[in-house]
Structure formats: structure tokens, C-alpha cells
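Here is a short tour for anyone who likes to look at pockets and helix packing. Have the model open as you read.

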Amino acid sequence: MSAFPAFTAPLIAWQKNAGRHDLPWQQTRDPYRIWLSEIMLQQTQVATVIPYFQRFLARFPTLQALAEAPLEVVIEHWAGLGYYARARNLHRCAQQLVAVHAGKFPNSAVQLSALPGIGRSTAAAIAAFAFGQRSAILDGNVKRVLCRHFAIEGFPGQAAIDRELWTLAERLLPESDIEAYTQGLMDLGATVCTRSRPRCGDCPLAATCQARLGNRQSELPTARPRPKLPERRAGFVLISDGRRLLLERRPPHGVWGGLLVPPEGEAAAVLARLGLSAESRHDLAPLKHTFTHFRLTLEPVLCIVKPAPTIGEPGMNWITIDTAAASGVPTPIRKLIERIAGDAG
Ligand code: SF4
């Protein structure tokens, strides 16, 4: 008995009523056709696979015919489907079946998964469709359905989450109707519980789906964790005469190219470079900003200078504090200016 009949029973009933039944590799127990379709479907959508499947079968109608064909001819008939390792493995697998298994597919998922190009999930699908074996499939679509329905947190590509999903997939297996159940999982993932905008209103699992009940469809499955970005720190000196701010136009290339920013560096060094002396200085709260390739902590210092001198350095501009935030400054600098404008106001 499935560990969760509220999952399996509606899925099986839905597949029988509303699932796909007329694909060219359905309505057969022929493991050769089922295997071929499963390999073609691994990285490719159904609509693309159908004409390839039919042409391939017309040229290689039996496992024997495929095993005897030169690899180049097999590749020729695969051309356009991509991921050519699949075609090479298909050919190797056919030859191995003929040489070692007398041209017959073994009927257990474990034995099938030992053959070239047949992973655990594909082996289970062949075992279910061709031999009615109770074996769990777990491809990308099924992972999405399980992660959403059972609110499984964590990136499914992580080994621990992958193990958890396999264990769950095996516990869910129904006692009977394995073909409709397996096909139901595939159909649901491909046509209803899609990556973006799943059609929960049409889903047979909606009543028990944790993602739907918590409105978390877009959060599950958990996305691949982003690599940790390098951290950088930089001082910015907000030099003001009480009414205006001194901003420097950046060169056209590089970070914030062409934008106005406060002079960057350590406060004393910046003031010395500009020939200024501060009447007062205040360390402001740091501000974090994330760029594509790093995270920057801005360490701002407000220096009040009087009276406002003319700055000889090119690119230096005195801008009134009220208008500075809207004068072509990058976002974190705008936030800093708004802080001091708020304090001045
Ligand atoms: S209710 Fe929505 S999110 Fe949940 S399994 Fe169905 S389609 Fe996917």
C-alpha cells in the first residue's frame, strides 16, 4: 500500500481520465519502443521527440537492427535531438543486450540500470511500462511535483535532498496501477505542475498540496544555492559645506562608470588630495550593496568643510544636497545622500 494514498489515488484516477494515452510509445509493452522513447525524452520535449521516434523506428525497427547498424547511421538518425552521448549509449546498449542478454531486456529496474545510458529513473520507467514492475521514477519533473506537494525544502541537486526524494518516491509507490501512476507523475509534471505558473486549478493533488496551501509554488523546489560572492569594503567621503555635496564623476568604464559618487578612499587621504580640511567628521552606518560578482560594504564618512572652496581637480562637482540624490548617482549612493539630506532636514 502506498504510504500516501491521498497522493496516489487521485493521480491514478486523473491519469486514466485526463492524462496522455496516445503517444506513439504508449499502448505497448514492447521494451524496445519504451526504452527508445525514454532515452529520447530524457532531455527533450514530447512534441520534438515524436517525429524522431517514428523515423528512428522506421529505420531500426528492432533491437537487433539497431545493434547491427553502424554507429554513424544511428547518429545520423539522431541528428537534431542533441546530447549525442545518448545516441552512442543507445547503440552500445543495443549491442550489449544482443551480446549478453540474448537480445532481450532484463525486466528488473536494477538490471536495467546497469546498462549503458540507463539511469535509475529511466530504468524504473522501462520496468513499469514494459513489465509492470513497481519501481520509482524521479526525473526533474517528478522532483518538482514531490518538492511542491510535500513542501520539501533544499535544492534537489544536493545529495541529501536527492536521497530524501528517492526514499519518498519509493514509499509512495502504489500496490497496483503502476503504469497509470508512473505516467500520471510524468503527465502532471509536464502539463500541469509546470516550472512556472503551475495550473493548480486543474491539479488532482491540489487538495493536499503543501505548496498550493501555503501559496509557495514559486519557492519550491528550492533554487540552486548561489555561490558566495566575494566581499569588498570601500570608504566613501561625503564632503559637504552644509548646503552642498562634493561628488566626483567616475570614468566611463568600470563600476558605476560615468556616474557621480563621493570621492572614494580613506577620509584623511581624500581631504589631503583635495586640499581640504574638515571642521567635523562623522562616521555613518555602513551600507551593503550586491553587484553581480561581489558584495560591497560602503563605509561612509561625512566631513563638513567651511567655507566651500573651489576644487581644482577635474570631474569634481559641488551639488546641492537637495538635488544630489537625483543627479545621476548609483543606488547605494542615493541612499546615503537621502540619509544625510534627511538629517539635514
Ligand atoms: S497543486 Fe499546484 S503546485 Fe501542487 S502539485 Fe498540483 S500543480 Fe503542482
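## The largest pocket

What volume does the largest pocket have? In this predicted model, the answer is about 1500 Å³. Its lining is made up of 49 residues, and those closest to the centre of the pocket are Leu41, Asp139, Asn141, Met186 and Ala190.

Four elements each give two or more residues to this lining: α2 (31–41), α8, α9 (140–149) and α11. The biggest share comes from α11, with seven residues. If you are thinking about chemical character, the lining residues divide into 21 polar, 18 nonpolar and 10 charged.

## How α8 and α11 cross

Two of the helices that contribute to the lining, α8 and α11, also pack against each other. Helix α8 spans residues 120–131 and helix α11 spans residues 178–192; their axes come within 8 Å and cross at roughly 135°. Angles over 145 degrees would count as roughly antiparallel and 65 to 115 as roughly perpendicular, so α8 and α11 are oblique to each other. The crossing of this pair is left-handed.

## Where the two helices touch

On the α8 side, the residues in contact are Ala125, Ala128 and Phe129, and they meet Ile178, Glu179, Thr182, Gln183 and Met186 of α11. By class, this contact has five nonpolar residues, two polar and one charged.

Met186 is a handy residue to select in your viewer: it takes part in the contact with α8, and it is also one of the residues closest to the centre of the largest pocket.

Notes
Residues numbered from 1 in each chain as written. Predicted model: local features only at pLDDT ≥ 70, side-chain atom pairs only at ≥ 80, totals over all residues. Heavy atoms only, no water. Axes fitted to C-alpha atoms, helices over the stretch in contact; angles between N-to-C directions. Parallel < 35°, antiparallel > 145°, perpendicular 65-115°, else oblique. Left-handed = near helix turned anticlockwise from the far one by under 90°. Contact = heavy atoms within 4.5 Å. Nonpolar A, V, L, I, M, F, W, Y, C, P; charged D, E, K, R; others polar. 1 Å grid on protein atoms, 1.4 Å probe; cavity = no way out; pocket = protein on both sides within 12 Å on 5 of 7 lines; lining within 4 Å. Points joined across faces, edges and corners; volume = space filled by probe spheres on them.
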